[in-house]
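Student: I would like to go through this structure slowly, asking for each label what stands behind it. Could you set each value beside its rule as we go?

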Amino acid sequence: MEGLNVTDEMLSPDSVTRQLSDQISLAKAFVVIAKESNNLQFAWELSAQIRNSQVLLSTAATRRVPLTTRESDTAIRDMALLLFQGQQFHYDSATMIMKLKAKIQALEEQMSSVTEKSSKYGQIAAEEVPKGLYCIGIRLTTEWFRNLSLQQKINERMQMEAKLRDNSLNHFCVFSDNIVATSVVINSTSINSKNPAQLVFHIVTDEINYAAMRAWFGTTQFKGVTVEVQKFEDFKWLNASYVPVLKQLQDAETQSYYFSGHHDDDRTPIKFRNPKYLSMLNHLRFYIPEVFPALNKVVFLDDDVVVQKDLSGLFSIDLNGNVNGAVETCMETFHRYHKYLNYSHPLIREHFDPDACGWAFGMNVFDLVEWRKRNVTSIYHYWQEKNVDRTLWKLGTLPPGLLTFYGLTEPLDPTWHVLGLGYTNVDPHLIQKGAVLHFNGNSKPWLKIGMEKYKPLWEKFVDYSHPLLQQCNFH
């Protein structure tokens, strides 16, 4: 009784407190039905009597003495008369159940509609390019093409950089079209590094943002960090005959599927119909050995992460012959393989354990020597070609990653990569211990919809006093 907080009064069949509470519960149901039947006068009378009974219960609870029959007799009798009247209105149990079920169904449909609209509007907000960020790109691009001496200076410096191929250094890669986000990744890594001069960042962007990226990272210093900027349009090997996904992305039906989702009757969640999946920047992670042919090991970072610990330790981790070092995400069942893949398909069912642990893209250690030896890119090509009709998985890069690196992934300590800051509440102790904080989800810290309590973790690595950021009102 003590464990369940059950009192003698609650167990007593003669308890007037129990009788009043039961009457209130039934009366509340009658109020709903009366309003549905447009009997507003009766609903008002019931509500008034409910308040009277609640006052009695509240008074007894405050003084910590049970209600007596004398105190509650009038209230119980008046409520009983109203409940009897309700039954005369045919508010019997069967009718009430049917009406309440209909009400619940209507509310569920309404909630579903609101949830869907909220998801769509949230996705639209997540895909927007803030005016300040757009302004920065335009001004940097203008400066790059106007200032020929700047181009010459940066080109000369990059030609002398032997560090770009030096495997004794720590090499990171970021594939992005977001200047400020990429800058935060590099800035936070350099500030928390014990030896920034050992760091080399390889940025790959697209043609549109290439000039702006070169202008920014060519004139911004990060405590001695070496920064290289490339555009994927310059990669000769990147063509539809070698890269299956490139051919698929150029397909009109695929583009329609990503943008509209009409081909699957809206069964695919809107977050997977994000146009970002049409960008080759999102798929370059499967071609890292081709992008950096001279390198033996690389740490891949998404542009929505913040680094708050020294990452040099990642380069000395023994991957035990595996290709990919990643933090597993199978603490919950919904992060296992069956969540991402179609196990009704025989190819998936025969080759992959549905309860195998998922893992996270966003901070990955790649052994490129093992990658080339095992020809991992060809594994990725195989599964992409098998999924041309999207029957193995729907959209995104994590599902093909799970297939490609199946049996080739070494679990890392969870403190290396903490996820969820862009869509959920994260344990503060995990955030404090985390080396890399990942704002995966729609609520990116540079957007208005970013989660306010986590924005400071990102913003402290943005130099808001920079003249360009002030001119573009970036905040």
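**Labels and their rules**

Tutor: Buried residues make up 48% of the 475 residues in the protein chain, where buried means under 20% relative accessible area, exposed means over 50%, and partly exposed lies in between (1.4 Å probe, protein chains only). This is a predicted model, in which local features need pLDDT of at least 70 and side-chain atom pairs count only at pLDDT 80 or more, while totals for chains, interfaces and linings use all residues. Residues are numbered from 1 along each chain as its sequence is written, and side-chain values use heavy atoms, with hydrogens and water left out.

Student: What makes Cys-135 and Cys-472 a disulfide?

Tutor: A disulfide is a pair of cysteine sulfur atoms within 2.5 Å, and the sulfur atoms of Cys-135 and Cys-472 are 2.0 Å apart, so the pair meets the rule. The link has -65° about the S-S bond and is left-handed. Cys-135 lies in helix H6 (residues 131-146) and Cys-472 in the segment after helix H20 (467-471), so the disulfide ties together parts that are 337 residues apart in sequence. Helices here are DSSP runs of H or I with at least four residues, strands are runs of E with at least two, and both are numbered from the N terminus.

Student: Why is Cys-135 called buried or exposed?

Tutor: Cys-135 has a relative accessible area of 19%, which is under the 20% limit, and therefore it counts as buried. Cys-472, at 7% relative accessibility, is buried too.

Student: Which other cysteines form a disulfide, and how do you know that they do?

Tutor: The sulfur atoms of Cys-330 and Cys-357 are also 2.0 Å apart, so this pair satisfies the rule as well. With 60° about the S-S bond, the link of Cys-330 and Cys-357 is right-handed. Cys-330 is buried, with a relative accessible area of 11%, whereas Cys-357 is partly exposed at 22%. A search of the whole structure finds two disulfides, and their pattern is 1-4, 2-3 when bonded cysteines are counted along the chain.

Student: What makes the contact of Lys-373 and Glu-370 a salt bridge?

Tutor: A salt bridge needs a side-chain nitrogen of Lys or Arg within 4 Å of a carboxyl oxygen of Asp or Glu, and the side chains of Lys-373 and Glu-370 meet at 3.2 Å, N to O, so the name applies. The two residues are three apart in helix H15, and are therefore separated by about one helical turn. Lys-373 is exposed, with a relative accessible area of 60%, while Glu-370 counts as buried at 14%. Arg-374 also meets Glu-370 in a salt bridge, at 3.1 Å, N to O, and Arg-374 is partly exposed at 40%.

Student: Where is the residue that Lys-455 meets in a salt bridge, and how do you know that the rule is met?

Tutor: The partner of Lys-455 is Glu-452, and their distance of 3.5 Å, N to O, is within 4 Å, so this pair counts. Lys-455 is buried at 12%, whereas Glu-452 is exposed at 55%. Elsewhere, salt bridges that share partners join Glu-370, Lys-373 and Arg-374 into one network.

Student: Why are strands E5 and E9 said to stand at the edges?

Tutor: The open sheet of three strands has the order E5-E10-E9, with mixed pairing. Strand E5 (305-307) and strand E9 (417-418) each have a single partner strand, so one side of each is left without a neighbour in the sheet. Two strands pair if DSSP finds at least two bridges between them, and E9 and strand E10 (residues 436-438) have two bridges in the parallel sense, so they qualify.
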